[in-house]
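Welcome, and please open your viewer. We will make a few stops together, selecting residues as we go.

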Amino acid sequence: MKKLYFTIMLCTVVSLCHSENAKRPIGPQQKVLLDERGSDYYSYHTGLGTLEFLDRSGERGTPAIKILLNGKAIVNLEGVTDKGGSEQSLMLDSFTNVIDWASSKGNQSGPGDVKRMIVSVGATSNCVRRYIMLDFTDTKPFVSKPFSYNPDDDICEHLKKVKWGKQETFIDLAGPQRYLYRPQREVIGPIGD
């Protein structure tokens, strides 16, 4: 019952649930993140500084329209719509491993800095149209072009799995669609298995 309550609470507070993911258990790293961070869930530390998700009112939260690094916008969807006219927002999928964490430092509990992150783009968390890779492993942040095979903006994408690697990261979307990311380069795909 606690797990169900926590899942409902997470869906309500974070507004990031996909219907097919709602029954998946929350991983220990995600639970630590939510328990320890509370209202700071929309602010992350990277090796390059502080990353924040800002909603339409300019406050931290989702659905976000901007992602800032040290106060400077690195992603801005203000006024961006899909082909159906729906305003697009930036969100994190809370039930998939969308963040590549650096190792914790010293006695620090919980995750370390964010190295890389996959951000969902869509009108709502229930209908993601595409994804963006953010990479903070070099001296400058890297923001990929949006990726998914959705040329008509009529498919609701679902992130199935991410296999993080130092040189190659594989991203699997429902469909099946597989994408390949190499550090500081564009995401390519769909590719074969």
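Buried means under 20% relative accessible area, exposed means over 50%, and partly exposed is in between (1.4 Å probe, protein chains only). This is a predicted model, where local features need pLDDT of at least 70 and side-chain atom pairs count only at pLDDT 80 or more, while totals for chains, interfaces and linings use all residues. Residues are numbered from 1 along each chain as its sequence is written, and side-chain values use heavy atoms, leaving out hydrogens and water.

**First stop: Pro63.** Select Pro63, in the loop between β2 (49–55) and β3 (64–69); strands are DSSP runs of E with at least two residues, numbered from the N terminus. With a relative accessible area of 40%, Pro63 is partly exposed. Now add Val121: the two are 58 residues apart in sequence, yet 9.6 Å apart in space, C-alpha to C-alpha.

**Next: the disulfide.** Select Cys127 and Cys156, which a disulfide joins at 2.0 Å, S to S; the term means a pair of cysteine sulfur atoms within 2.5 Å. Cys127 sits in strand β8 and Cys156 in the loop between β9 (142–143) and β10 (159–163), so the link ties together parts 29 residues apart in sequence. Cys127 is buried at 14% relative accessibility, whereas Cys156 is partly exposed at 34%.

**Last stop: Asp135.** Move along to Asp135 in strand β8 (residues 127–135). Which side chain shares a polar contact with Asp135? Show Tyr181: its side chain and that of Asp135 are joined by a polar contact of 2.5 Å (a pair of N or O atoms within 3.5 Å; within protein, one must be able to donate a hydrogen and the other to accept it, and residues adjacent in sequence count only if both atoms are side-chain atoms).

Key. Helix = DSSP H or I, 4+ residues; strand = E, 2+ residues; numbered from the N terminus.
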